[in-house]
Amino acid sequence: MEAARVTSDSFPLAVSLEEADRRCRRALMEAWVGRETLTAKLPPSNLALDPGDVVSLNNDGRLIDYRITRIGDAGARAVEAIRTDATIYDLPPGQYRPANLPGATVYGPAEIALMDLPQISDAVPAHRPYAAVFAKPWYGTAAVWRSADTSGFALMDTIGQAAQIGTLAADLPAGPINRFDHGNELLLDVSSGTLTSVTDMELFAGANALAVESAPGIREVIQFGNAELVATGRYRLTHLLRGQRGTGDAMGSPAPTGARVVILGSGIQSLSIAEADLGLPWNWRIGPASAAPSDAIMQAKTFTPNGRGLMPFAPAQVRMRREANGDLALRWLRCDRSLSADSWVLTDVPMSEASEAYDLEFLDGVVLVRTASGLSSPVFTYTAAMQSADFGGPVTSLSVRLYQIGALGRGAPHFETITIKESL
């Protein structure tokens, strides 16, 4: 027969393991025997009985002991009792068991990434950077300390979950943006956890995002639709969306083998810095929350947050047409860094900057020949006189570099070489 009920008790006792074993067995048997209860009404002649007394009931030739738990004196004596057995209070001690002291937990070297990323959640202010920490065994809680000097560290944040951190197992070449990259595959070695494939609808909703460090401190945000396990801890990721959240400028050519990759899931933690802290070279100490910032297990990092989340996205869809008088009419579309800018229902794209402004550069190969600064609308006329001054006459193709201006200055650049369309 098997019992399914579980009871838990705790007591502040200091006893040997053998005595603890005996007491546990006694409590178990006491609970088992005590499943049987008795109620009876006795005459006043049994006035000598009190709660706690043990009485024996003759049941078909067998004496069964009951311990009185309650007596009600109102006319006949109403007695409540629970079955007991004296033998369970004289059990032998348990078998000898040597005491096993818990071993000291030894943490392996932690993997830590401090990241300037575009805004990836409306719940986190755009200017905040992120931290990702992985340690095996996991700390339980990691602590992030910060100081402007090499002492006087103040606790900034705690991290309750290990991040998924990996490395590129092969070079990742550059790929197209604004459409699926079917020509490249991302080969990734991960330190823990698993990766799974998702549908396109889940992908468009933000699933399976990761940050690839294409250069020190520079990270491209990539999403993947298909994940295939090809070896222990190694995944082949395909059906890629490149340069997500305005990070096309961070794309490596290629991102090298061994580059760090952080899965942008629940394991990353935004750092609670103020906008006034941007651009300052802070010192950081990161490690177990149970350790002091001066402890040898804490890792020392230097990191200067630059507010990538406040950087305007690159404009898109640059168009150029020659007018009848020889002027070139340029137009483009503004892209906004707000997460709501991807909405399918809003009639207007939000404006995250204080005002709309652009810088437009014209290039002859790699040589900058003209800059138009502070444009207040997404249009510009490159006159025939300007063309003559810059190139000696009309041009049939033109290389331009375009920036949107934000609170921190120029945003991500859009570079394009355009073949001129003649006016109809």
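**Exercise 1. Find out what share of the contacts between residues at least 6 apart in sequence join residues at least 24 apart.**

Solution. Start with contacts in the protein chain of this predicted model between residues at least 6 apart in sequence. Then keep those that join residues at least 24 apart: they make up 61%.

**Exercise 2. Decide whether the protein chain is spread out or a compact globule.**

Solution. Begin with the secondary structure, which comes to three helices and 27 strands. Next, compare two numbers: the radius of gyration is 36 Å, while the globule rule gives 22 Å for 424 residues. The first value is well over the second, so the chain is more spread out than a compact globule. As a further step, look at the C-alpha trace, which spans about 125 × 50 × 45 Å along its principal axes. Finally, turn to burial and surface: 38% of the 424 residues count as buried, and the chain exposes about 23,700 Å², with carbon and sulfur atoms supplying 53% of that area.

**Exercise 3. Locate the largest nonpolar core and name the residues that touch the most other members.**

Solution. This core has 20 residues, and those touching the most other members are Leu114, Val133, Val144, Leu271 and Trp284. Now ask which elements give two or more residues to the core: they are strands S5 (111–115), S6 (130–134), S7 (142–147), S8 (154–159) and S17 (282–288). The largest share, three residues, comes from S17. To see one member up close, pick Leu114: leaving out residues up to four places away in sequence, its partners include Leu271, Trp284, Ile286 and Phe303.

**Exercise 4. Compare Asn178 and Arg245: is each one buried or exposed?**

Solution. First check the backbone. Asn178 has a positive phi of about 70° although it is not a glycine, and Arg245, also not a glycine, has a positive phi near 55°. Then place them: Asn178 is in the loop between S9 (165–168) and S10 (180–181), whereas Arg245 is in the loop between S14 and S15. Last comes accessibility. Asn178 has 75% relative accessibility and so counts as exposed; Arg245, at 16%, counts as buried.

**Exercise 5. Find the cis peptide bonds that join Lys136 to Pro137 and Ser253 to Pro254, and say where the prolines lie.**

Solution. For the bond between Lys136 and Pro137, omega is about -5°; Pro137 sits in the loop between S6 and S7. For the bond between Ser253 and Pro254, omega is about 0°; Pro254 belongs to the loop between S14 (234–244) and S15 (260–263).

Terms used:
Residues numbered from 1 in each chain as written. Predicted model: local features only at pLDDT ≥ 70, side-chain atom pairs only at ≥ 80, totals over all residues. Heavy atoms only, no water. Helix = DSSP H or I, 4+ residues; strand = E, 2+ residues; numbered from the N terminus. Rg over C-alpha atoms; globule rule 2.2 N^0.38 Å. Buried < 20%, exposed > 50% of the residue type's maximum accessible area, 1.4 Å probe, protein only. Contact = heavy atoms within 4.5 Å. Areas by Shrake-Rupley, 256 points an atom, 1.4 Å probe, with all protein chains shown as cover. Core = buried A, V, L, I, M, F, W, Y, C linked by side-chain atoms within 4.5 Å.
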